[in-house]
Each structure stands twice: as C-alpha cells, then as structure tokens.
Amino acid sequence: CCKQGYGLGFRTFVLQGGEDPALTEERIEDIVSTIRRSYPDCAITLSLGEKSREAYERFFQAGANRYLLRHETYDKEHYQQLHPAGMSCEHRLQCLRDLKDIGYQTGTGIMVGSPGQTIEHLIQDILFIEQLRPEMIGIGPFLSHRDTPFAQSPSGTVERTLLLLSIFRLMHPSALIPATTALATLTPDGREQGILAGANVVMPNLSPQEERKKYNLYNNKASERNLRKDSTYCNSSWKRSVIKSPSPEAITNNKEMYKVDSPQAEEFIHHEEILETLEYARSHKDNRAFIEQLIEKAALCKGLTHREAATLLECDQPDLIERIFHLAKEIKQKFYGNRIVMFAPLYLSNYCVNGCVYCPYHAKNHTIARKKLSLEEIRQEVIALQDMGHKRLALEAGEDPLRNPIDYILESIRT
C-alpha cells in the first residue's frame, strides 16, 4: 500500500485500526519502523486508539510523527452515552496530553451531530481544543451504522459540520483540518465544500480494494475507487473548482510544512511544496493587481509567506520591481536608520570533510594550503581586529569532526 501511495506522490501515510489486543505493540512498532526505513522522507500518522504512554513512546521512537485521537466530546456524561462503561473521558484526555508531551504532532476532534450532542457540548469542545492547541483537528459528521445501537439515530448535518470547520480554521489558522469521507458520504461534493469551508487535507484510501468492505464505518460510504484521481487533485479540474481566486492571505506557513527545529532534512525541506511554490509563483507573476496587493501587505512590516516571496521573485515588470526596491529601502530605514552593522570574519580552520562543489574548502581540493589556527594565533587575530575597531566577529570553520571538533570551537570562543 505504501509503495503504491509513494508512487502516486503521497508523502504522509495514516495507519488506522481499532483497539484490538491481537494488534500487539510489537507488531505496530515493527510496521512503523519498516515504513520509516523504506520511506524516510514520509510522515507516519497513527490512529489506533487509546494506548499506554509507554506504547506511544515506543511507536514514536520507531518513527511515527503524528497521532490522531479524537476526544469525541469533552462532556463526561455525553462521553459515557457514546462509550462503554470501561472507558472514561478522563483517560482519553490524558492520552492526548501524553501524546503532546512525547512530541507527537497531535490530532483530536469530534463527531458533529452525535447522539445527545448539544450546543453546550460543542462549546466545551471548542474550549478544550483551544487549550490543547492540536496540530490536527478532525471534524466530521456523525453517520449512523445499521449494526450499532445508534442505527436509528439521525446523522449530523452538512451545514453544521461546515460551520464548525470554518470556526476551527479561524481559531487555528495553521492546523491540519481534513475534509472527511464522512462529509462526502452525506453529499457528493462534501469534500469540495469542506475545502471551501477551511479544510486543507484530503485522505484517499490506500487499502486494497478487496479489503475495504471490511472497514465500512457507516452505511453507503462514499466510493474511493478512483485513487489516482484523488492523488493528482493538485492539477485537476476538482482543484480548479475549489481554489478559484487565491489572495495574499490564502497561503499560510504551515508549521507541519517546515519544521525548522528538526534535525531531519526531510522535515524542514519539503520537496513537493517547493515544486508547488514554483508553479504558484509562475502562474501569478503577470497578475499585476495581485503583486500590488503583496507589496501593500509587505508595507505593513508583518512579513510575507514563502509563496508570496516567490511570486515577487518571478515578477518581471520593471516598475513593480522598482517599487519593491523602494519599499525594501523604506523598511530598512524604518528599522535601522542609517546604521550599518559590520562583522569581521575570523577563519579558524579551512579543513572540511564535505564535498560541496561551489566551495574551495571541499575535501577533494588538494591545491589549497590547509590551515588551522592555534589558540594563540586566534588571540592575536582578535587583538588585531579589536584594534581596528571591530566589535562583532563571525567565527568560521569547515566541518571536520577530527580537526575541528566541538571542543576546539568552544575553546576558540572562550579564548
């Protein structure tokens, strides 16, 4: 399934299942680690219900990035109405706190229109999600199933679901919010309506066709037989019908897209987003009114998104380019005045084990003389720079763990 999905361009895999002792922690851990080894550039999301903190930690160490666990309802009495006696609202909420504490990108959410749900319950859910600050929010309509005690209960409505999608988007601008299959089951264009209401995720089914009937959570589930169509929605008529007129505010920097504090390159360099950004910029570079809006937004000194910046980079209209230069000068003047900050580079060592072809320090360059300053030489250089009036130094060195170990760098700073 992952091989097929990867070939179609998916870079996030969601593993879902019920709480079953037969699906052991060891098996889950093995599945996650296997996917992680095979597809290191993909995110792995789990939706496997309530587990112990220790189990969550094992899955996280194996390579899982995200965990979806809908709290369903924050109201204790309503929770008991929806769940068997052996389950508790308190334990579900503690699971969510454990997931956040471990480091997962955590998802929660509710069924809209579940039996017994009231406006008061929804307000409690809104407050809880505001406090939890999840990275993902799953909002879908309740759909009755003929083999459950709620077989005769009415389903949730499209209108209420879409309203809540929009409300959560307003409250959590960067959250991942799916347009669910449940919504598409209520109405054929449910996912499209969900996207227009604020959702930004679709989840095509990668399960083998012959197995899907075993996983029907509700009656008359929307067909997902055309997986390839779903996977290529980025350049399809479906997308064009949904994304009609983007504005400067339509694109936000999703923290899932660029996790800047991650040591893993695939988490802060998102290849597909780079390609989509290039396409976005090229398609808007001749839209004069749009570029003027971007310049006006930049004048507010609150920054631009990467897609907006790329659009300005592609702009080839001389008068607009001149406005960009003029505005940049105005902003610099506003923040710094006529002050110029000077840094004096101090090269500690040009030894390097890397092979960056643009840099003469690269390891295969045997024509340059290699040099590593001693601590005394560093001291003399600093005195000379200080006598010249420099107050800011930029220490530079190649990457070489043997010749330029961290202890050498730290001792150089102390010197």
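Let's start with helix H17, which covers residues 375–387: its 13 residues reach 18 Å from the first C-alpha to the last, close to the 18 Å expected at 1.5 Å a residue. Just past the end of H17, Gly389 takes a positive phi of about 100°. Keep in mind that this is a predicted model. Below is a quick look at the protein as a whole, then at helix H6 and at Asp75.

**The whole protein**

- You'll find 18 helices and seven strands in this protein.
- The protein has 415 residues, and 39% of them count as buried.
- Take the contacts with a separation of 6 or more: 67% of them come from residues 24 or more positions apart.

**Helix H6: its length and its end**

- H6 runs over residues 119–132, and because each residue should add 1.5 Å, its 14 residues should span 20 Å.
- The end C-alpha atoms of H6 are in fact 20 Å apart in the model, so the two values agree.
- Right after H6 comes Arg133, which takes a positive phi of about 55°.

**Helix H6: its two sides**

- Which residues of H6 are buried? They are His121, Leu122, Asp125, Ile126, Phe128, Ile129 and Leu132.
- If you look down the axis of H6, those buried residues fall within an arc of 165°, so they line one face of the helix.
- On the other side of H6, Glu120 and Gln131 are exposed.
- What do the buried residues of H6 pack against? Their partners are three helices and two strands, namely H4 (76–82), H5 (89–102) and H7 (158–171), plus S4 (105–112) and S5 (136–141).

**Asp75: a buried charge**

- Asp75 sits in the loop that runs between strand S3 (66–68) and helix H4.
- Is Asp75 buried or exposed? Asp75 is buried, yet it has no salt bridge.
- The nearest side chain of opposite charge belongs to Lys76, and that one is 9.4 Å away.
- Asp75 does have other partners: its side chain reaches the backbone nitrogen of Glu77 at 3.2 Å.
- The side chains of Asp75 and Gln124 are also joined, by a polar contact of 3.3 Å.
- Once you set aside the neighbours within four places in sequence, Asp75 is in contact with His121 and Gln124.
- That ties this loop residue back to H6, since His121 is one of the buried residues of that helix.

How values were computed:
Residues numbered from 1 in each chain as written. Predicted model: local features only at pLDDT ≥ 70, side-chain atom pairs only at ≥ 80, totals over all residues. Heavy atoms only, no water. Helix = DSSP H or I, 4+ residues; strand = E, 2+ residues; numbered from the N terminus. Expected span 1.5 Å × (residues − 1). Buried < 20%, exposed > 50% of the residue type's maximum accessible area, 1.4 Å probe, protein only. Arc of directions from axis to C-beta. Contact = heavy atoms within 4.5 Å. Lys, Arg positive; Asp, Glu negative; His and termini not counted. Salt bridge = Lys/Arg side-chain N within 4 Å of Asp/Glu carboxyl O. Polar contact = N/O pair within 3.5 Å; in protein donor to acceptor, adjacent residues only side chain to side chain.
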